[in-house]
Amino acid sequence: MSERVNEAPGNVRLIGGEMLLWSDMSHMAGVTDWRGAALELVRRMIPGTGRVLLVGPHSQVLVDDVVSRAGETAVLLRSYPDACALGERHPELAVHCGRLDVFDAEEPYELVLALDGLLRTHSAEAPATAWTESLRALSALVAPGGRLVLGVRNDLGVDRFIEARTADREGGDDQWAPHGFDPSYPSGPGALDGALEGAGLSVERCYAAYPARQAPRALLAREALAFDLPESITFPLSARGGDRTLVADPLRLTRLVFRHRLGEELAPLWLAVATRPPAPPGPASAPPAPASRLSPYDDVAADEPCGEFDTGPEEWEGVALPLGLIEEGAAVHELTRSGLRRLPDGEEHPAPAGRVVEEILVEACAREDTKAVRELLAALADWLEFDGGPCVAADSLVYDGERFAAIAQTATPAVPPEPRVVLCRVLWRFAVRLLAAGHHHPWPWPLEADQLTLTLCGMAGRPCDPGDLDLARKYDAELGHPAEQADTPTYRDLLGARDRLADQLTAALARISRLETKLSYRERELVRAKSKVRKTQRKAAAVRRTLGYRLSRRLARPRRVARRVIRMLSG
């Protein structure tokens with residue numbers, strides 16, 4: 001073991017409590033993978049000449065970006081293998097390996113980043129300290145006027161109600177100190193604010209991270225969540241599919257969370273930005289240089305606060321912390337007071353208003369309002385023929401009752417298909433998602449997605465044939481966003497499907513019972529009718545054997561012959 005310790009790079013310092021064999025980076029399933037939105041937020045706070053400290057494991061992309069931008073960077077890790085690997089990758093980086101509570105910095109830092117939280121700052125060699133004690137130890141590393149960026153996972157986030165088996169399952173190898181038994185762990189945004197203030201910090205911004213704690217794609221400040229955000233912003237903020245086992249449809253729950261303005265309370269993850277008040281100037285010492293509060297985009301920081309969102313106290317007016325950052329593919333959009341702005345130098349545009357087309361159709365199908373479905377589909381077909389884009393879908397369009405608007409701007413293919421094929425693709429994707437989610441609709445249940453698509457095309461006034469449907473499926477595959485046809489249904493969807501099948505089976509059994517009762521009655525009636533026929537036949541046979549019947553038949557024969565002769569002579 002000592003041989004491995006001696007192989008440590010020169011920039012790695014052991015401070016006590018280091019874990020010589022454990023690696024947090026090899027168990028990245030529980031470590032948050034911060035991407036474009038978090039990177040943009042961190043970049044705005046990095047002091048050009050100040051000192052930055054990263055506490056706990058972070059993704060390599062974030063570490064490399066901070067090291068390349070900060071004047072002086074240090075890292076605190078508990079894992080010795082991770083510290084050695086990081087020290088070899090960045091020889092200029094100061095890497096401290098050990099526990100947070102024994103770390104004694106020579107000077108405080110202008111920016112302290114603990115985006116992974118405080119759960120991975122302890123060691124298995126000593127009992128884990130309380131969360132508030134770890135927070136006080138962390139806040140002591142922040143210089144006066146400096147910032148702390150802290151990630152805190154919500155034990156009652158919306159993702160906890162969605163996933164049947166969480167990524168950081170209880171009893172994992174990295175949970176020698178079981179989570180959930182610390183009474184000091186924050187239970188909500190209010191408790192988090194109180195803990196930060198108790199540690200001598202003031203909350204500058206508190207962001208709600210969506211859609212999941214594993215890989216957040218959006219950061220929304222509480223000032224923005226206090227308002228009714230457009231569905232064009234909130235609808236995409238739901239974790240979809242993958243290889244996870246889901247209990248419920250994340251789209252429905254996330255939509256209800258934002259609709260009831262519980263976006264902050266039920267966020268999967270909180271990202272708090274707190275500052276330490278600057279030290280009062282004295283004759284003996286000058287105040288330390290504060291962290292840089294200017295954005296890489298100075299024109300945004302210089303904007304005067306106005307509009308629908310409250311930007312906070314007056315001292316925040318010069319702070320370039322955004323109201324929200326939303327990642328969309330490789331692009332990052334900033335949520336402003338009047339809409340969205342694509343970074344770094346995109347123009348600001350208002351967020352599209354209206355409801356998502358897929359939601360309107362699902363609601364109309366649930367009410368069996370075929371008239372509303374027909375009118376909406378006809379308007380959609382007209383829009384696709386004249387103004388619509390070839391890459392839209394029912395879940396990426398909003399409709400305000402008069403016009404359609406795309407939620408996300410996508411690249412247009414070089415050779416766009418005919419509007420009929422585009423409409424067929426949109427309705428096919430909707431049919432697949434409608435049937436996969438098990439929503440109620442007014443058409444027969446045995447109907448497949450292809451048949452339902454042709455029905456919807458007819459209702460839109462644009463009849464399509466199977467050839468158009470094949471072209472639509474091929475075009476959907478070319479766009480790289482295939483319909484979620486093979487997704488594993490959620491547990492609640494399975495229960496709903498089972499209940500529907502049970503209801504259908506009960507109705508079928510009741511109908512079979514009624515038909516069997518009616519059939520038994522008809523069989524008895526048939527037996528009685530056959531018995532009457534046999535009795536009548538026996539009576540007729542007995543009458544034919546009587547003398548009177550035979551005489552009447554013989555006497556009636558000459559009479560019939562005479563009639564025939566008379567007819568022939570008269571004719």
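These are legends for a set of close-up views of a predicted model.

**View 1. The whole chain, before zooming in.** The protein has 571 residues, and 44% of them count as buried. Its fold is built from 17 helices and 16 strands. Take the contacts with a separation of 6 or more: residues 24 or more positions apart account for 73% of them. About 29,500 Å² of the protein is exposed, with carbon and sulfur atoms supplying 55% of that area.

**View 2. Leu150 in the largest nonpolar core.** This core has 48 residues, and Leu138, Leu150 and Leu196 are those with the most contacts inside it. Zoom in on Leu150 and leave aside its neighbours within four places in sequence: its contacts then include Leu138 and Leu196 themselves. Two tryptophans, Trp131 and Trp270, also touch Leu150. Ala114, Gly117, Leu118, Leu135, Leu271 and Ala272 are in contact with Leu150 too. As background, nonpolar side chains in soluble globular proteins tend to be buried together.

**View 3. Strand 8, with a partner strand on each of two pairings.** Strand 8 covers residues 218-221, and both of its faces are covered. Ala218 and Leu220 sit on one side, Leu219 and Ala221 on the other, and all four are buried. That back-and-forth pattern is the usual one, since side chains in a regular strand alternate between the two faces of the sheet. Strand 7 (residues 202-210) runs antiparallel to strand 8 and is joined to it by four bridges. To find your way around this pairing, look for Ala208, which stands opposite Leu220. Strand 8 is also joined to strand 10, again antiparallel, by three bridges. Here the residues to look for are Leu219 and, opposite it in strand 10, Leu325.

**View 4. Strand 11 and its two hairpins.** Strand 11 (residues 331-335) is largely enclosed by the rest of the structure, because five of its five residues are buried. Ala331, His333 and Leu335 point one way, while Val332 and Glu334 point the other way. Note that the buried set takes in His333 and Glu334.

Going back along the chain, strand 10 (residues 324-328) pairs with strand 11 in the antiparallel sense over five bridges. One of the bridge pairs is Gly324 with Leu335. The two strands form a hairpin with two residues between them. In that turn, Gly329 has a positive phi of about 65 degrees.

Going forward, strand 11 pairs with strand 12 (residues 340-342), also in the antiparallel sense, over three bridges. This second hairpin has four residues between its strands. Leu335 turns up here as well, with Leu340 in strand 12 as its bridge partner.

**View 5. A three-stranded open sheet.** The strand order is 14-15-16, and the pairing is antiparallel. Strand 14 (355-356) and strand 16 (404-406) are the edges, each with a single partner strand, so one side of each is left without a neighbour in the sheet. Strand 14 and strand 15 (residues 397-399) are joined by two bridges. In one of them, Arg355 has Tyr399 of strand 15 as its bridge partner.

**View 6. Helix 11 under its cover.** Helix 11 (residues 357-366) is largely enclosed by the rest of the structure, because seven of its ten residues are buried. The buried residues are Val357, Glu358, Glu359, Leu361, Val362, Ala364 and Cys365, so don't expect a purely nonpolar list. What covers them includes strands 14, 15 and 16 from the previous view. Helix 9 (250-259), helix 12 (370-386) and helix 13 (419-437) are part of that cover as well. Just after helix 11, Glu368 takes a positive phi of about 60 degrees.

**View 7. Thr453, a buried threonine.** Thr453 is in helix 14 (residues 449-459). Its relative accessible area is 0%, and it counts as buried. Which residues is Thr453 in contact with, leaving aside its neighbours within four places in sequence? They are Cys424, Leu427, Trp428, Ala431 and Leu469.

**View 8. A nonpolar patch on the surface.** To finish, here is a spot on the outside: Leu505, Leu509 and Ile512 make a nonpolar surface patch of about 290 Å². Leu509 lies in helix 16, which covers residues 491-544.

Key. Residues numbered from 1 in each chain as written. Predicted model: local features only at pLDDT ≥ 70, side-chain atom pairs only at ≥ 80, totals over all residues. Heavy atoms only, no water. Patch = residues over 30% accessible without salt bridge, like charges linked within 9 Å, V, L, I, M, F, W, Y side chains within 5 Å. Areas by Shrake-Rupley, 256 points an atom, 1.4 Å probe, with all protein chains shown as cover. Salt bridge = Lys/Arg side-chain N within 4 Å of Asp/Glu carboxyl O. Buried < 20%, exposed > 50% of the residue type's maximum accessible area, 1.4 Å probe, protein only. Pairing = 2+ DSSP bridges. Core = buried A, V, L, I, M, F, W, Y, C linked by side-chain atoms within 4.5 Å. Contact = heavy atoms within 4.5 Å.
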